[in-house]
Amino acid sequence: MKRKMTAALAAVALGVSSLAAEAESLKIGFLATLSGPPAVLGIQMRDGFLLGVKEAGGKLGGLDTEVLVVDDELKPDGALTKVRGLLERDKVDMMAGVVFSNVMMAVYKPIVRSETIFVGANAGPSPIAGKACSPYFFTTSYQNDQNHEAMGKHAEDAGYKRMIVMAPNYQAGKDSIAGFKRHFKGEIVDEIYTKLGQLDFSSELTKIAAAKPDAVFVFMPGGMGVNLVKQYAQAGLAGNVPFLSAFTVDETTLPATKDTAVGLLAGAQWAPDLDNAANKAFVASFEEEYGYAPSLYAAQGYDAARLIDGALKKAGGKEDKAALMAALKEAPFESVRGDFSFNTNHFPIQDVYVVKAVKREDGKFVTQTVEKVFDDKVDAYVGECRMN
């Protein structure tokens with residue numbers, strides 16, 4: 001396995017070394033959750049972004065690029081302090097990243113109010129897609145509801161009549177259930193909201209067993225998802241009550257859940273087997289660089305770097321911010337997702353799939369596409385954005 005670029009190494013390997021180069025440099029503050037049980041999400045997102053920078057020769061848009069990687073520790077208040085340091089002390093040209101929506105909601109306004117271009121690579125809270133949209137914010141991920149909407153439609157099409165839904169009690173959790181319910185028209189027997197970071201689901205699983213729903217839908221990212229999938233099987237529910245999810249069964253959790261999760265379905269806008277040249281090259285390059293299978297978090301981070309690179313080239317650099325923002329709107333890069341464009345709120349218009357956990361011949365556990373649920377999916381909040 002080749003070494004990973006840490007934050008410190010990224011600063012050395014990708015940074016500028018002289019005052020003469022300073023004028024032709026680009027400094028990006030990259031905020032991610034890199035500690036605790038959900039760290040794998042931020043690590044994947046960071047590694048994807050740094051791979052995109054490396055493949056550009058360390059020069060996004062031809063500018064010597066320094067990436068300042070900062071761990072938000074999944075603490076909104078601490079993240080806000082760190083972002084202020086990046087903006088005021090480090091004088092970054094752009095911000096990028098952010099895994100969790102509670103962190104995004106804490107740092108979003110200070111960033112866009114400073115008129116700093118912000119390229120998100122995961123969290124997509126509904127307020128930011130709607131009434132709080134900003135010309136300075138773009139995201140290469142999704143609006144939070146989108147992947148959950150795919151599973152709501154899948155559940156409706158599968159004929160399930162009674163379902164229990166479960167998610168952490170924070171913005172993304174609320175968006176997930178709103179998205180699922182937008183397309184599932186049957187009875188929601190119970191809406192269960194857990195603490196963010198909860199790892200013991202015995203009480204919730206007892207409720208599910210007693211209610212005997214046709215199926216369950218869950219959103220539990222990172223370590224939460226690992227524990228839930230394992231405990232679901234241990235409780236005897238696997239095979240009896242179908243388990244549908246989003247951001248719960250993916251390449252960040254499968255190395256831990258392994259065979260327990262094989263066959264489980266999830267909603268996603270990306271999978272390693274998407275059949276396009278950019279994706280094939282990305283997956284091969286990522287596994288060669290880091291030695292593990294990329295997830296959608298890595299794909300989104302990679303696309304964020306490629307978006308910045310393409311927009312800088314189109315705008316002729318960073319100095320004309322209006323030209324750069326106009327270039328970003330055009331999404332001048334080849335996405336690993338294939339179809340990709342920005343809507344008027346700067347959230348993606350993209351295809352969304354049902355994917356399934358499988359074990360590859362080489363022993364790695366990954367997801368693969370089962371069916372396309374939405375073609376060129378538009379998020380539900382774009383009509384509330386004042387940029388329309």
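**Exercise 1. Decide whether Phe247 is buried or exposed, and describe its place in the chain.**

Solution. Start with the accessibility: Phe247 has a relative accessible area of 5%. The cut-off for buried is under 20%, so Phe247 counts as buried. Next, find its place: Phe247 sits in the loop between β10 (243-246) and α11. Finally, look at the backbone: phi of Phe247 is positive, about 55°, although this residue is not a glycine. Keep in mind throughout that you are working with a predicted model.

**Exercise 2. Carry out a similar check for Lys212: is this residue buried or exposed?**

Solution. First, the backbone: Lys212 has a positive phi, near 50°, and is a residue other than glycine. Second, the place: Lys212 belongs to the loop between α9 (202-211) and β9 (215-218). Third, the accessibility: Lys212 reaches 63%. Exposed means over 50%, so Lys212 counts as exposed.

**Exercise 3. Classify Thr116 and Lys258 by accessibility, and find which residues lie around Thr116.**

Solution. Take Thr116 to begin with. Thr116 is in the loop between α5 (101-113) and β5 (117-120). Its relative accessible area is 8%, so Thr116 is buried. Leaving aside neighbours within four places in sequence, Thr116 is in contact with Leu87, Asp93, Met94, Met95, Ile111 and Tyr136.

Now turn to Lys258, in the loop between α11 (254-257) and β11 (265-268). Its relative accessibility is 42%. Partly exposed covers the range between 20% and 50%, so Lys258 counts as partly exposed. To place Lys258 in space, use Lys230 as a partner: the two are 28 residues apart in sequence, and their C-alpha atoms are 9.6 Å apart.

**Exercise 4. Work out how the protein is divided into domains and how these meet.**

Solution. Begin with the division: domain 1 takes in 25-142 + 275-342, and domain 2 takes in 146-268 + 354-377. Then place them: the domain centres, taken over C-alpha atoms, are separated by 27 Å. Next, count the partners: 22 residues of domain 1 are in contact with 20 residues of domain 2. To finish, consider the area: about 1600 Å² is buried between domain 1 and domain 2, with carbon and sulfur atoms giving 63% of it.

**Exercise 5. Find the largest nonpolar core and say which helix gives the most to it.**

Solution. The largest nonpolar core has 103 residues. Within it, the residues with the most contacts are Leu31, Phe49, Met95, Met163, Phe282 and Ile308. The helix that gives the most is α13 (residues 296-315), with 11 residues. Both domain 1 and domain 2 supply at least three residues each to this core.

Zoom in on Ile308. Not counting residues up to four places away in sequence, Ile308 touches Leu26, Ile28, Phe49, Leu60, Met94 and Val119. A second, separate core has 22 residues, including Ile164, Val229, Leu254 and Ala261.

**Exercise 6. Judge where the prediction calls for caution, and relate the chain to its annotation.**

Solution. Look at the confidence first: the protein averages a pLDDT of 94, and 94% of the residues score at least 70. Residues 1-22, however, have a pLDDT below 50; this stretch has 38 contacts in the model beyond near neighbours in sequence. Where pLDDT is low, the predicted coordinates should not be read in detail.

Then turn to the record. An unreviewed UniProt entry carries the annotation "domain: Leucine-binding protein" for residues 26-358. Over residues 26-358 the chain is 43% helix and 21% strand, and the end C-alpha atoms are 40 Å apart.

Terms used: Residues numbered from 1 in each chain as written. Predicted model: local features only at pLDDT ≥ 70, side-chain atom pairs only at ≥ 80, totals over all residues. Heavy atoms only, no water. UniProt positions renumbered as here; feature names shortened; annotations may be inferred. Helix = DSSP H or I, 4+ residues; strand = E, 2+ residues; numbered from the N terminus. Core = buried A, V, L, I, M, F, W, Y, C linked by side-chain atoms within 4.5 Å. Buried < 20%, exposed > 50% of the residue type's maximum accessible area, 1.4 Å probe, protein only. Domains from an automatic or database assignment. Contact = heavy atoms within 4.5 Å. pLDDT = per-residue confidence, 0-100. Buried area = accessible area lost by both parts, 1.4 Å probe.
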